[in-house]
Amino acid sequence: MPNRLAHETSPYLLQHADNPVDWWPWSAEAFEEARRRGVPVLLSVGYSSCHWCHVMAHESFEDPETADRLNAQFVPVKVDREERPDVDAVYMEAVQAATGQGGWPMTVFLTPEAEPFYFGTYFPPEPRHGMPSFRQVLDGVGQAWTERREEVAEVAGKIVRDLAGREISYGDSRAPGEEELAQALLGLTREYDPQRGGFGGAPKFPPSMVIEFLLRHHARTGAEGALQMARDTCERMARGGIYDQLGGGFARYSVDRDWVVPHFEKMLYDNALLCRVYAHLWRATGSELARRVALETADFMVRELRTSEGGFASALDADSDDGTGRHVEGVYYVWTPGQLAEVLGEEDARLAAEHFGVSEEGTFEHGSSVLQLPQREGGHDAERIESVRERLLRSRAQRPAPGRDDKVVAAWNGLAVAALAETGAYFDRPDLVEAAVGAADLLVRLHLDDHARLARTSKDGRAGANAGVLEDYADVAEGFLALASVTGEGVWLEFAGFLLDHVLARFADPESGALFDTAADAERLIRRPQDPTDNATPSGWTAAAGALLGYAAQTGSEAHRTAAERALGVVKALGPRVPRFVGWGLAVAEALLDGPREVAVVGPAIDDPATKALHRTALLGAAPGSVVAVGTPESDEFPLLGDRPLVGGEPTAYVCRNFTCDAPTTDPERLRAALGG
């Protein structure tokens, strides 16, 4: 019989709806039930494409005997971290403070007042590798609760007090200047891996936000070292196994330092961020590889993640059926020499093995290999390689596909809107811009209420009950601002303004300018989460600073610019010390130092060829954070278009920054020079 999760919208929660565990969703009623029964709460946090979440579910939550013990001693609460990043953040901070590490599945035992007192991540069904079994943990915690209740309450109270004492102190509310950005670049240089690209050791994550900073720093200062780190890292990732050499798109991270073997789940946010990174790298260098990867990644998102409502699904699982009914990680993507021969014949299989780095010993499990591009392009006949790639892709499509988490997350869709709009504009792919508009329409239609408050998620055309957090407001505003620049439709600027008004009113500390991850009127947790550092996505704090700055450049709003500057104070403090973890904040700081530049393109009509040429040149300008408005001289859709006449009756571009304007120009080449192109 299904438990209480059967009516939820989260695919992750629905995966547990038939467990013998009597799960509750996160709710006041669950904690009321714990108080009524006088038992603790077991909080289990995971997400749909998490491999070890599936393992623990199969081993423990599907086991009737384990479920009986769990139900008897606890009120079990299941949370999708992607739906409730606030709950995840608060308890993950406690787990990391207590154990020195964290991850998913996250397993936390709470008092009925939601105060944590015992922590872990994955627990095996039997004791192994020094870990107790999950049943041992249940019995031990249950016994402590029954026999040493006062001690448990004391521990929980101390943890909550310690968390409250970890408030962020970030110096002053002034934005970083030249000195801090130079120090950040130096710090990144020290952590850079010159042999393999990227930063740090294994596991290696795509450093999307840091690359955006490096590209902007190069555009502003001409620093060749910054461009080199960005270019080489992007090339190594694109040639490695972390990139799907057949279908496009990136896996979550590489388990090794060389980008060879990925953790195979494919997340919307990684692909949106990396699509934009490669498009920006092409804009800076003209690299054919960057162009190919940007377009293949955009096509992957539209082909495999777009939902029937026009939004983008969260993720594809790492695991899939190996053909025997067992779910195995990576089996959809890897190849043996024998499998190549079966599809291609002996001669083409030898070519494919050499081209994609497939060997008899393999690079993954059981002699299989993750496809890579170990050699420089041009080593093999391009037409023959393309034929091989198409045949392998067709054959792979016959394999059981990884599952898809169909929920639409507002923030990640905002990132996808920005990426697809810009990529479509750069490479003359109106279909990609249309896909961006479709996702933006869905966000407005389904996620925004009458007061422009955002729902965090939706699924199958139904909005979820969870309120949007700061990253939702910030990333959706960022997507709308990019869409406004690309389409010339001022309504997207207007919607961005509605969202950013909420940021100022409900997420900002009026005294310090600091930003919180949850709104002032959101559900009260044991602590109000606040994290200025990037994780897999830009921190909500610095994403909001970027959107506030872009909106201020489009509208001239002093309040939004001041809020952006004050929010960047945290980057002044953290940038020189931990630049890898505030990459997006550093990128926004580059835009602030550059102006950012405001470009108005006016013409007799948006689709006039000369107007389009100026508009495209403006979008391709590499100046950090520049904003673009396009329209007719009579248009009132963008404040930047006001009082901008045509020069000599010709389409004309105006470039301003820091309250100073260049002479208007009708020449795309002069405009390119004015934008650092």
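# Close-up views of a predicted model

**Figure 1. Pro-105 and the cis bond before it.** Let us start in a loop: Pro-105 is found between helix 5 (85-99) and strand 4 (106-110). The model shown here is a predicted one. Trp-104 and Pro-105 are joined by a cis peptide bond, with omega at about 5°. In general, most peptide bonds are trans. Trp-104 has a partner of another kind as well: Arg-81 lies over the face of its ring, at 3.9 Å from the ring centre.

**Figure 2. A cis bond at Pro-203.** Here the view moves to the loop between helix 8 (178-191) and helix 9 (208-221), where Pro-203 is found. The peptide bond that leads from Ala-202 to Pro-203 is cis, and its omega is near -10°.

**Figure 3. The whole chain, for orientation.** Before going further, it helps to step back. The protein chain holds 25 helices and 19 strands. Along the principal axes, its C-alpha atoms fill a box of roughly 85 × 70 × 45 Å. A compact globule with 677 residues would have a radius of gyration near 26 Å, and the protein chain agrees with this, having 26 Å. Of the 677 residues, 59% count as buried. The accessible surface comes to about 26400 Å², and carbon and sulfur atoms account for 49% of it. Among contacts between residues at least 6 apart in sequence, 69% join residues at least 24 apart.

**Figure 4. Aromatic rings and their neighbours.** A search of the whole structure finds 26 aromatic pairs. One of them is formed by Trp-26 and Phe-31, an edge-to-face pair with 4.9 Å from centre to centre and 70° between the planes. Both partners are buried: Trp-26 has a relative accessible area of 12%, and Phe-31 has one of 7%. Elsewhere, Trp-23, Phe-61, Phe-123 and Phe-134 form one aromatic cluster. A charged neighbour appears at Trp-24, where Arg-4 lies over the face of the ring at 3.8 Å from the ring centre.

**Figure 5. Gln-245, a buried residue in a loop.** Gln-245 has its place in the loop between helix 10 (224-239) and strand 6 (253-254). Is Gln-245 buried or exposed? Its relative accessibility is 5%, so Gln-245 counts as buried. The side chain of Gln-245 makes contact with backbone oxygens: that of Ala-238 lies 2.9 Å from one of its polar atoms, and that of Gly-240 is reached at 3.0 Å. Leaving aside residues up to four places away in sequence, the residues that Gln-245 touches include Arg-239, Phe-356, Leu-371, Leu-373 and Arg-389. For a sense of scale, the C-alpha atoms of Gln-245 and Val-55 are separated by 28 Å, with their positions 190 residues apart along the chain.

**Figure 6. Arg-149 in helix 7.** Arg-149 belongs to helix 7 (residues 149-164). With a relative accessibility of 39%, Arg-149 counts as partly exposed. Not counting residues up to four places away in sequence, Arg-149 touches Gly-38 and Ala-144. From C-alpha to C-alpha, Arg-149 and Thr-111 are 9.9 Å apart in space, while in sequence they are 38 residues apart.

**Figure 7. The loop that holds Ala-452 and Arg-456.** Two residues are of interest in the loop between helix 17 (430-447) and strand 14 (457-459). Arg-456 lies in this loop, and Ala-452 is found there too. Where does the side chain of Arg-456 find a backbone oxygen? A polar atom of this side chain lies 2.8 Å from the backbone oxygen of Glu-82. Arg-456 counts as buried, at 1% relative accessibility. Ala-452 is buried as well, at 10% relative accessibility. Although Ala-452 is not a glycine, its phi is positive, at about 60°. In general, most residues other than glycine have a negative phi.

**Figure 8. Asn-658 between two strands.** A positive phi also appears at Asn-658, a residue other than glycine, with a value near 50°. Asn-658 has its place in the loop between strand 18 (652-657) and strand 19 (660-661). Its relative accessible area is 43%, so Asn-658 is partly exposed.

**Figure 9. Helix 24 and its start.** At the start of helix 24, a side-chain oxygen of Asp-608 reaches to within 3.2 Å of the backbone nitrogen of Ala-610. Which residues of helix 24 (residues 609-619) are buried? They are Thr-611, Leu-614, His-615, Thr-617, Ala-618 and Leu-619.

Technical notes: Residues are numbered from 1 along each chain as its sequence is written. This is a predicted model: local features need pLDDT of at least 70, side-chain atom pairs count only at pLDDT 80 or more; totals for chains, interfaces and linings use all residues. Side-chain values use heavy atoms; hydrogens and water are left out. Rings of Phe, Tyr and Trp (its six-membered ring) pair if their centres lie within 6.5 Å; planes under 30 degrees apart count as stacked, over 60 as edge-to-face and the rest as tilted. Buried means under 20% relative accessible area, exposed over 50%, partly exposed in between (1.4 Å probe, protein chains only). A charge sits over a ring if NZ of Lys or CZ of Arg is within 6 Å of the ring centre and within 35 degrees of the ring normal. Helices (H or I, at least four residues) and strands (E, at least two) are DSSP runs, numbered from the N terminus. The radius of gyration is taken over C-alpha atoms; the globule rule is 2.2 Å times the number of residues to the power 0.38. Contact means heavy atoms within 4.5 Å. Accessible areas come from the Shrake-Rupley method with a 1.4 Å probe; for residues, only the protein chains shown count as cover. A polar contact is a pair of N or O atoms within 3.5 Å; within protein, one must be able to donate a hydrogen and the other to accept it, and residues adjacent in sequence count only if both atoms are side-chain atoms.
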